[in-house]
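Reader: I am in my first year and would like a close look at a single part of this protein. Could you take one sheet and describe how its strands are arranged?

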Amino acid sequence: MAAGLPELFPFLPPLPRNSSTVIRTYTGTRVSSTQPKTLSTGVHSASNSMDSSATRPYSVAIGASEAFGELLKQCKGQIPPEFRSYSGNVTFVPSNHGDQVYFPSPCREQDAIAAIKALEACAAATIGDLRHGKVSRSIKVDLDKAACFLMSAYLATIDGKRKGQTPKGLIPDTDYNQAQSIQYRRLSANLYETKEDGRYYHIHGSLDATTQLRMIGLPPFNPQLTDYQKCIDTIEAAVKKFTVAELEDMNNEHGQAGVEALKWENFLETSHGQVISALPPFTVEAIEVQRTTVPETPPHTPTETGFQSHLWPKVPANFPQYALRGIKAIEMCRVIAGPTIGRSLAAHGAQVLKVTGPKLPDVPFFQVDVNTGKHTTHLDLRNQRDLKTFRNLLAEADVLIDGYRPGALAKFGCDPQSLANLAQQRGNRGFVYVAEDCFGGTGVSEAEWAGRRGWQQIADCVTGVAWAQGQFMGLDNEPSVPPMPMSDYGTGALGCVAAMTGLYQRETKGGSWMCRTSLCQYDIFLLKLGLLPLQEQERLRTAFAGPFFKLRHYDSVDKVSGEALKAMQRAYPHLFGPHLMLKAKSKGFNGKDIRWPKEAIEVDGLLIQHVRASRPNGFDRPGWEGWETDLITDDKVNMAEDDVISTNTSITPVPREEQHQQQVGSGSLNSAPQRRDRIATVNTVLATA
């Protein structure tokens with residue numbers, strides 16, 4: 001038996017080397033695995049509990065199971081016991097290409113996201129029981145698809161083009177302030193050394209670089225400055241004129257996002273770090289309101305023939321069984337983290353309407369990814385006519401997703417108290433308010449940074465993720481932003497679980513519910529898992545040897561992600577295959593083909609899949625009626641994905657004919673041999689709805 005397993009799983013009998021087994025962990029989850037593996041339970045400083053022979057690589061499946069147990073522990077007071085009861089039905093399934101870490105990062109990102117997705121699946125299963133009748137539902141988390149989720153924006157394509165490849169005009173230009181399209185202005189959101197040796201500050205021009213550049217004494221535009229390295233040298237020279245304290249004062253004065261890159265231990269010494277690290281990854285609590293004479297809508301009640309729901313929309317018997325079908329959500333977010341909440345809810349069947357202002361800047365290509373499954377509309381809430389339209393939409397909604405700085409939307413009636421009051425006016429049909437921000441801690445008096453502006457790189461720098469990345473990359477006392485928007489996607493996944501928790505609580509307990517998460521809370525959960533073992537980090541350095549490890553602290557997140565992506569394509573080409581993608585033509589993008597990653601979770605008896613391709617911001621009219629469905633194609637499920645399932649879900653390989661019979665007999669809506677027929681059926685049924 002591999003060293004370390006007796007401590008992790010003391011009740012398991014010894015296993016022969018290279019045996020195939022399904023390991024049940026202390027949380028009750030299962031790991032589909034081809035051989036026993038070990039993992040580090042370490043602290044922030046990388047430790048190594050692997051077999052000294054180094055012949056058995058790190059297992060993401062076992063790491064995910066451990067992370068799932070930790071997530072359940074940290075969220076104990078936030079999730080209902082019914083969610084937890086499904087934890088024993090979860091299996092983490094690696095592919096036949098291996099059970100390994102794919103990203104050049106020392107953090108246990110794949111473990112963390114697989115654990116969060118497992119909890120999302122538990123929430124879906126529980127809600128499915130509530131809506132469609134209680135059955136025993138098995139849950140699978142596909143580890144390759146979970147990894148793809150973390151870099152979804154870099155896998156999504158429009159007309160066969162990925163991020164950075166699209167010709168002008170293919171995607172509507174929402175970079176209204178040229179903060180993305182001009183390299184000099186783009187690098188105003190970057191990590192630079194300050195006047196103080198060894199101290200680094202991530203300035204951030206957000207989606208308008210003008211204020212940030214002027215703040216450090218540079219012109220907002222410099223047409224002659226186009227070279228990447230010369231842009232960096234110019235901006236870093238300006239930042240190095242200031243101390244961290246001076247940059248903090250200027251940021252506060254000008255309302256800019258920015259933060260010093262702190263190490264994990266230094267972050268925990270700050271008052272905000274102490275407060276926020278004591279919080280769970282997300283919080284869900286009832287919104288207290290003064291009771292009126294309007295009778296409250298009773299919660300869900302069991303009946304002799306099944307269940308009677310008072311808040312869930314009724315679903316015809318011939319319709320696909322989604323957990324959230326009929327739920328209406330308004331999304332007021334941009335970029336990645338907040339919109340990922342809406343995208344995930346849409347995969348569970350919710351109607352998600354993304355509302356943006358007609359001149360609100362956003363990153364153009366990200367819309368190809370995060371707008372999947374939604375409708376999008378433009379409303380200027382400063383205009384009384386548009387505000388009236390918005391309030392009419394809000395009156396019918398179940399969920400509001402707020403991805404802006406805390407309190408920014410309150411003036412439009414989008415704060416928790418206003419929504420709870422509105423719920424009373426409509427017969428006490430409660431609202432679920434879901435907030436995602438950078439620093440977390442809203443409403444906690446000691447959380448001094450709760451109201452600060454921020455983005456993923458800001459959270460990664462302040463919590464210590466960037467210093468861990470720099471150390472992993474062999475930099476001499478320098479931090480580095482990690483590759484890919486992994487914290488964005490992880491935070492969005494947490495927000496989805498929080499929203500589903502709020503909907504379940506509304507149904508079973510009544511009232512309105514407030515759900516909160518943040519980029520910092522995701523990073524804290526991630527870092528509390530400990531770093532990858534030293535031997536696994538060394539393996540990654542070998543696998544990614546080359547240009548990636550020549551990057552420095554000042555290299556942008558685009559540069560870091562781009563080099564990581566090229567190296568991953570060489571090392572793990574299967575992650576970029578069509579068998580992990582779905583495809584549909586998008587009316588919003590002029591009929592162009594859109595490809596996006598498949599959902600990472602499967603729940604017996606439930607469908608988890610989008611029904612429409614992405615579209616640009618502001619494409620649809622504002623309304624809840626007449627939503628179309630697209631023809632979703634999945635033309636690569638037969639051989640490749642069939643092999644993945646047959647290899648990883650059986651103790652010994654089962655002949656294809658026998659396995660096909662088993663899967664057909666299981667009733668699973670998500671088994672690979674049934675998926676193409678199922679997709680065709682879903683498209684037909686929804687098109688006639």
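Author: What follows is a description of one sheet, with the chain around it and one residue outside its strands.

The model is predicted. The protein chain has 25 helices and 20 strands, and 62% of its 689 residues count as buried. About 25,500 Å² of the protein chain is exposed, with carbon and sulfur atoms supplying 51% of that area.

Now the sheet. An open sheet is formed by 3 strands in the order 5-19-18, and the pairing is antiparallel. At the edges stand strand 5 (157–158) and strand 18 (581–586); each has a single partner strand, so one side of each is left without a neighbour in the sheet. In general, strands of a sheet pair through backbone hydrogen bonds, and the pairing is either parallel or antiparallel. Strand 19 covers residues 592–597 and pairs with strand 18 over 6 bridges, in the antiparallel sense. Within this sheet, K583 stands opposite R595 of strand 19.

A later strand, number 20, spans residues 601–603 and contains E602. E602 has a relative accessible area of 14%. Buried means under 20%, so E602 is buried. In sequence, E602 and V141 are 461 residues apart, yet their C-alpha atoms are 6.6 Å apart in space. For the protein chain as a whole, 76% of the contacts with a separation of 6 or more are between residues 24 or more positions apart.

Conventions: Residues are numbered from 1 along each chain as its sequence is written. This is a predicted model: local features need pLDDT of at least 70, side-chain atom pairs count only at pLDDT 80 or more; totals for chains, interfaces and linings use all residues. Side-chain values use heavy atoms; hydrogens and water are left out. Helices (H or I, at least four residues) and strands (E, at least two) are DSSP runs, numbered from the N terminus. Buried means under 20% relative accessible area, exposed over 50%, partly exposed in between (1.4 Å probe, protein chains only). Contact means heavy atoms within 4.5 Å. Accessible areas come from the Shrake-Rupley method with a 1.4 Å probe; for residues, only the protein chains shown count as cover. Two strands pair if DSSP finds at least two bridges between them.
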